[in-house]
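This report goes through one protein chain, from model confidence to strands and a helix. Please have the sequence and the structure open while reading.

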Amino acid sequence: MNNLIQMISKFFSAVVLLSLLSGNIHAQISQNISKVIVGDAKEKSELNIQVELYNTNAEAVLLYYKPVEASEYREAEMELIGTNAGYTIPADEVVPPFLAYYIQVRMNDGSFENYPLGAPDNAPPSRIMVSIPQDKDSELIFLSPGAKGENIPEDEFFISISLLRASEKVKKEATKIYLGALDLTPNLIFAGDMILYYPDNLPKNVYMGSNQLRVELYDQEGNLYHSLVRNFIVRQTQEVELIGGKFTYRGNVKAESRNEGFSGTGQNLWYNNIGVDASAGWGNWKFNTKVYATSEEKKYLQPQNRYYLGIESDWLKVRVGDIYPVFPNLIMSGRRIRGATGRLELGAFNLHVIYGQANRAVEGALLQTYSRNNAPIASNIIGIDSVKYGNPYGEVNTGTYERKLFALRPYFGKGENFQWGLSYLHSKDDPKSIEFAARPKENVVFGSDLLVAFDDRNILFTGQAAVSLFNTDISGGTLTDAEIDSIFGTSDYINIDPQNVKDIKQYLGSFMTVNQFIGPLNPEKMSSLASEAQLQLNYFHNNISGKYIYRGNEYTSFGQSYLRLDVKGYEFSDRIRLFDNRLFITVAYESLSDNLQKTKITTTTFNKFTGTVSIFPRINMPNITLGYNRFENQSDITIFDPNYGLYAVDDITDRYFGQFNYDFIWSIRHNAVLNVSISDRKDRSLRNSNAKNFTGSLSLASDWRKNFTSFFSSTYYTSEIIATQFNYFAFSLGGKYKLMENRLILTGSIGPSFGDFKRQSFEFLAQYFIMPNFDVTFQSRVFHIPSQGTNTIVGVNTRYGF
């Protein structure tokens, strides 16, 4: 025990001393996000992003991301399990030179926070640099692990690399190989063009789980010639013979008990959860399941438990439970549904079906009752059961109706050179699911999408269009013809021909409720139409794109909540690759305007220019990205208009940013990242909402030796928005130390912030491997905010792999 105490003491001493010289990127301040972990970003490869939260008060975590030249962020609801959220960006959306992203945490009380703070309007988003395949990559052949992200059984793990294609400039015997921060070079076996490594004397807990293998090639003069990384996973895998075929399975069981204390409120809460995830394979069939049960599951919240069961093969994919389906982005974009989804993929004909619960019923509360004569007019005054409650009206805290969603998409073609799809979405609130709520809603969307490619996809055309119907109150049901005649007409409540409404009822009444609250009732104005078309040309190292979008102001899809509405216009961009992908030049311009249905006093034009230069020298030099954005927003009336000058829009924003990434060796291996962003908005309208901000961050992560890694990061932010200043400086420092032949891993960090946002944080984790597949982790976090008090989180979790 004394030895253990001494080791822990040495660990924290090392953290404090060494972290002053080294670091990591995550020093953005946040009330809710502890850290963001971004996977290895490779062009046209899936990219995983994980978010760790401080507490479990989040209802949803949303990821917004886009390539540099795109005008709109894509929205994806991350899979939230306890204090962890994750999402994998599809491979075809991971393109160089970088992706911009920010994260929104939506809380159970209805509030939300964006990370980075103020993004995307008043602060720059975060950026993920995307690496590009190089010609030198082909000189190094990974035989084992082979495929990227390969799952390897523990008893089959070894490293085998071929340098058969290596250039004559390469000194093969000088090759170095690292497993994470562990240098494997002294134990390599060189056999001609082959390099082998067998983990005979390596403890299993060193390589079990996710790993990153880095191979470095050196030239005849001893200079770094090229390096390449391969990610893989080593798992405990059992194999049995089942009906003549090989059946494999693996899984994990995790359990946690955690206490959260809040000195400001005096609360002291315990949280307990358990989770099981498992997968199996048999021939071409794959099975996976996940179950997560937590004490945070409450009937007055949306579901906190998570579960699903999935089955898939080459032609069929089925998943039941909590699903995150993706349709064409005008229809649905990865929001959580509790239900079932199935995909039939036959090539020429394919089918995607979804059915489930988009919102769980959460009952409201009755606060006060009113007679018919004294009931005030307010949005939360609703009709109630007078027999049951004594009065016909009541003031309520409105609840949430149960909302079901059904979506169907038959599509033709695999999508390599051709695909045509038809989409249908119907979503409806159940008025009978709860008692205290108002205005249950219903939504129907019809859509179509098309993809056509030529010349090995160097010419690519994509397009989609959708129309929607939205009923804001279905509580009264569908109107009769007599009711339509009494409500609609030139001299009545709504100035629309009653026959038009009857026609809508005749053709669409089988799909949804038709009454005075349905819209649009004038489809010829295209207010509920959304469409876009894009042409991409990839020739002579240029990726040229032209896109047109149209979004009516009444377009609504319950499967997609982030679309920018009431806007139309075009976008042009060109991404140029030069010098064997060492230089990227990106230029983009968009011009959009609003007020499509003339529902506003003024029409505003939004122009945006983006230019970036990215340099990837690859050897002993930092990767550099420099960029510039200009946003010009101007309305068709000026401040001098005697009647409507107050509504005039006239502002220009200039934003400059730079990012520098540098992997280098100075006694030990380091990774340095420097980010700088400057923004200046000049508002010439009567609002005079001028704004300036500056953000700078610096980090340096260092592998001191095989069992110690340290990090330090810092961020400085200053802004002045409408003459109101906000400034802060934050840094974090810490490290990870492996002891007892890697059976004990200690991680610690401190992270104070100063200025207008004051907070001190401390975190300590101790992970002990009882067996390679069985570990226990102790976690302790302390956060002190001077104006609010001190919050503490202390817990224990354990994991068993099978």
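Over residues 1-27, where pLDDT stays under 50, how many contacts beyond four places in sequence does the model have?

## Confidence

The model is predicted. For residues 1-27 it has 67 contacts beyond four places in sequence, with pLDDT under 50 throughout that stretch. A second stretch with pLDDT under 50 covers residues 239-244, and there the model has 10 such contacts.

Averaged over the protein chain, pLDDT is 86. A score of at least 70 is reached by 93% of the residues.

## A four-stranded open sheet

Strands E10, E12, E16 and E15 lie in the order E10-E12-E16-E15 and make an open sheet with antiparallel pairing. Its edges are E10 (141-144) and E15 (189-191), each of which pairs on one side only. From one strand to the next, the twist averages 20°.

At the E15 edge, three bridges connect E15 to E16 (residues 194-197), and the two strands run antiparallel. Within this pair, Ile189 is opposite Leu196 of E16.

## Strand E33 and its partners

Strand E33 (residues 459-471) is joined to strand E32 (residues 442-454) by 13 bridges in the antiparallel sense. The two strands form a hairpin with four residues between them. In the turn, Asp455 has a positive phi of about 50°. Phe454 has Ile459 of E33 as its bridge partner.

E33 also pairs with strand E35 (residues 529-539), antiparallel and over nine bridges. Here Ile459 stands opposite Leu537 of E35. Ile459 is thus matched with Phe454 and with Leu537. A further antiparallel pairing, over two bridges, links E33 to strand E34 (residues 518-519). In that pairing Phe470 lies opposite Gly519 of E34.

## Helix H5

Helix H5 spans residues 498-508, and its buried residues are Pro498, Val501, Lys502 and Ile504. Viewed down the axis of H5, these buried residues fall within an arc of 155°, so they line one face of the helix. They pack against helix H4 (481-487). On the face of H5 turned away from the buried side are the exposed residues Gln506 and Tyr507.

What does a side-chain oxygen of Asp497 reach at the start of H5? It comes to within 3.0 Å of the backbone nitrogen of Gln499.

Notes
Residues numbered from 1 in each chain as written. Predicted model: local features only at pLDDT ≥ 70, side-chain atom pairs only at ≥ 80, totals over all residues. Heavy atoms only, no water. pLDDT = per-residue confidence, 0-100. Contact = heavy atoms within 4.5 Å. Pairing = 2+ DSSP bridges. Axes fitted to C-alpha atoms, helices over the stretch in contact; angles between N-to-C directions. Buried < 20%, exposed > 50% of the residue type's maximum accessible area, 1.4 Å probe, protein only. Arc of directions from axis to C-beta. Polar contact = N/O pair within 3.5 Å; in protein donor to acceptor, adjacent residues only side chain to side chain.
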